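Subject: Handover of a structure and the findings from it

Dear colleague,

I am handing over to you the structure shown below, together with an account of what was found in it. Please read the account alongside the structure itself.

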Amino acid sequence: MTTASTVGAERAISGRATSLSMRDAQAMSRELVLHLGGSVAPFTTLPADVMSGDVAAVARICVEWSIRRVNGGDLPERTDRLRAAAARWCRAGIPIEVVVHAVHEGFKAGLDLLFARAQASDAELVVKGTATALELLDLITATVSKAYVQERRADAVEHHTAVHTLTSALLGGHATTKMARECGIRIAERYHVLALWIPPHPDETHPRLDRNVVARRKLRRVQAALAKLLRNQPLAMLSVDGGTVLVPETACTEPELDDLVAQLSELAGVPLTAAVVGAAAADVPAAAQQAHDLLDTVRRLGRGPGVHRFAELALHYQLTRPGIGRDILDARLAPLDDHPELLETLHVFFNTDLNRQRAARQLCIHPNTIDYRLRRIGQLTGFDPSRTTGLWYLRSALIARLSIADREASPARRPA
């Protein structure tokens, strides 16, 4: 897996030939391969079959190109054989930096041969041989890099398709071991099921930028960060505003999810909000529904970014479920509909943890006005805010009302 040579120029310089033909290519490429295998790393560590196979074949190609160019021909237009060899190296798992290093080492070896036999009167030919080497180095590096990029893209598309297929099957409840084997992905026993919300990036509102392009770039950053942090283990169905991520419990413990989402937020450039539910593989569909319902509750309550769990929001979640209890609680706040300042005061009072001073500062009113409004709320609703029971019912009614108002404003919201 190597490289090129300026042996053609070297032969011309040594005086043994003034014009080379393709019949010389075999002998010169053999000479170059022997030189590389005997003293140039990384070729000295390669097996004999590799040296006589890919290395010899590519060296022959490069020598032929050198001869053609030194004799006044144009650079080759077709590089199919080299591109095919580079694709094989990529599929074999050889890093591109190793291949590029080998290419440069081969050119260096060719120039060493050239300069070692050059005489003082050969300056013009040395310049020509060096220029030829640089032209071919550029061509070969570009060809190898392009082949690697194409192979990686093909692998990414194949992996993405497999991930999409298996994730859809798990979320639909019809994943099988046979399907997982065909996708090349093992089904874990248990998953952390994350419902994820990805907020808009500030650049999405920039007047000079295409918001769709910015949103897609944001999504790619999230996907790349997931693959990096979890080593390609997560199964995800994501759109630009969120979706569902299945993280095997063996890849990440439950307490580590907080740090995972924090790192994802940093890499994505936006603060992510997630709701998590643990589930066995067979229970993923129900867990995903619960996680997204919990995420809806989190967003309605105005909770901040990070990971949210049922243990901390079980009461809030239950109060937002449809039913007669929720409707009765909502109806008890109906008398406040004609007094928006009272509803706002109630919201702020609870959001400031029942602190009159903070609530008054936030509303830009006197603390005594807070007391007056709370008494008025008690008169209209029948729930006395000065008593624990009244506070509990008022808070519950607010949560239930947030759920109803949100569903009426934007029904059936579920990303990806």
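Two residues are in contact when heavy atoms of theirs lie within 4.5 Å. That sense of contact applies to the meeting of helices α14 and α15, where Arg356, Gln357, Ala359, Ala360 and Leu363 in α14 meet Pro367, Asn368, Ile370, Asp371 and Arg373 in α15. Please note that the model is a predicted one.

Overall composition

The protein chain contains 16 helices and five strands. It has 416 residues, of which 44% are buried. If one takes the contacts between residues at least 6 apart in sequence, 68% of them join residues at least 24 apart.

The nonpolar cores

In soluble globular proteins, nonpolar side chains tend to be buried together. In this model the largest nonpolar core has 49 residues, and the members that touch the most others are Leu170, Tyr191, Val193, Leu235 and Leu346. The greatest contribution to this core comes from helix α10 (residues 284–300), which supplies seven residues. Where does this core lie with respect to domain 2 (188–311) and domain 3 (324–409)? Both domains give residues to the core, so it lies between them.

Leu235 may serve as an example of how a member of this core is surrounded. Apart from its neighbours within four places in sequence, Leu235 is in contact with Val163, Leu166, Thr167, Leu170, Ile185, Tyr191, Thr244, Val245 and Leu246. There is also a second, separate core of 22 residues, and Leu194, Leu238, Val270 and Val307 are among them.

Helix packing

Two packed helices are described by the angle between their axes and the distance between the axes. Three pairs are set out here in turn.

Helix α13 (residues 340–351) and helix α15 (residues 367–381) have axes that come within 10 Å and cross at roughly 110°. Angles of 65 to 115 degrees count as roughly perpendicular, so α13 is roughly perpendicular to α15. Their crossing is left-handed. On the α13 side the contact is made by Glu341, Leu342, Thr345, Leu346 and Phe349, and on the α15 side by Ile370, Arg373, Leu374, Arg376, Ile377 and Leu380. Leu346 has already appeared above, as one of the residues that touch the most other members of the largest core.

Helix α14 (residues 356–363) also packs against α15, with axes that come within 8 Å and cross at roughly 100°. These two helices are therefore roughly perpendicular to each other. Ile370 and Arg373 of α15 take part in the contact with α14, and both residues also belong to the contact with α13.

The third pair is α10 and helix α11 (residues 310–319), whose axes are 10 Å apart and which pack at an angle of about 75°. That angle makes α10 roughly perpendicular to α11. Here Gln290, Asp293, Leu294, Thr297 and Val298 in α10 meet Phe310, Leu313, His316 and Tyr317 in α11.

Two loop residues with positive phi

Most residues other than glycine have a negative phi. Leu354, in the loop between α13 and α14, has a positive phi near 65°. Its relative accessible area is 39%, and Leu354 is therefore partly exposed. Cys364, in the loop between α14 and α15, likewise has a positive phi, of about 60°, although it is not a glycine. Is Cys364 buried or exposed? With 70% relative accessibility, Cys364 counts as exposed.

Individual helix residues

Helix α3 (residues 48–70) contains Arg68, and Val55 is placed in α3 as well. Val55 is buried, with a relative accessible area of 0%, whereas Arg68 is partly exposed at 35%. Between Val55 and Val33, which are 22 residues apart in sequence, the C-alpha to C-alpha distance is 7.3 Å. Arg68 and Thr132 are 64 residues apart along the chain, and their C-alpha atoms are separated by 10.0 Å.

Glu151 lies in helix α6 (residues 123–172). Which residues does Glu151 touch, not counting those up to four places away in sequence? They are Ala87, Cys90 and Arg91. Buried means under 20% relative accessible area, and Glu151, with a value of 17%, is therefore buried.

With kind regards

Methods. Residues are numbered from 1 along each chain as its sequence is written. This is a predicted model: local features need pLDDT of at least 70, side-chain atom pairs count only at pLDDT 80 or more; totals for chains, interfaces and linings use all residues. Side-chain values use heavy atoms; hydrogens and water are left out. A nonpolar core is a set of buried Ala, Val, Leu, Ile, Met, Phe, Trp, Tyr and Cys residues joined through side-chain atoms within 4.5 Å. Buried means under 20% relative accessible area, exposed over 50%, partly exposed in between (1.4 Å probe, protein chains only). Helices (H or I, at least four residues) and strands (E, at least two) are DSSP runs, numbered from the N terminus. Domain bounds come from an automatic or database domain assignment. Axes are lines fitted to C-alpha atoms, for helices over the stretch in contact, and angles run from 0 to 180 degrees between N-to-C directions. Angles under 35 degrees count as roughly parallel, over 145 as roughly antiparallel, 65 to 115 as roughly perpendicular and the rest as oblique. A crossing is left-handed if the near helix is turned anticlockwise from the far one by less than a right angle, and right-handed if clockwise.
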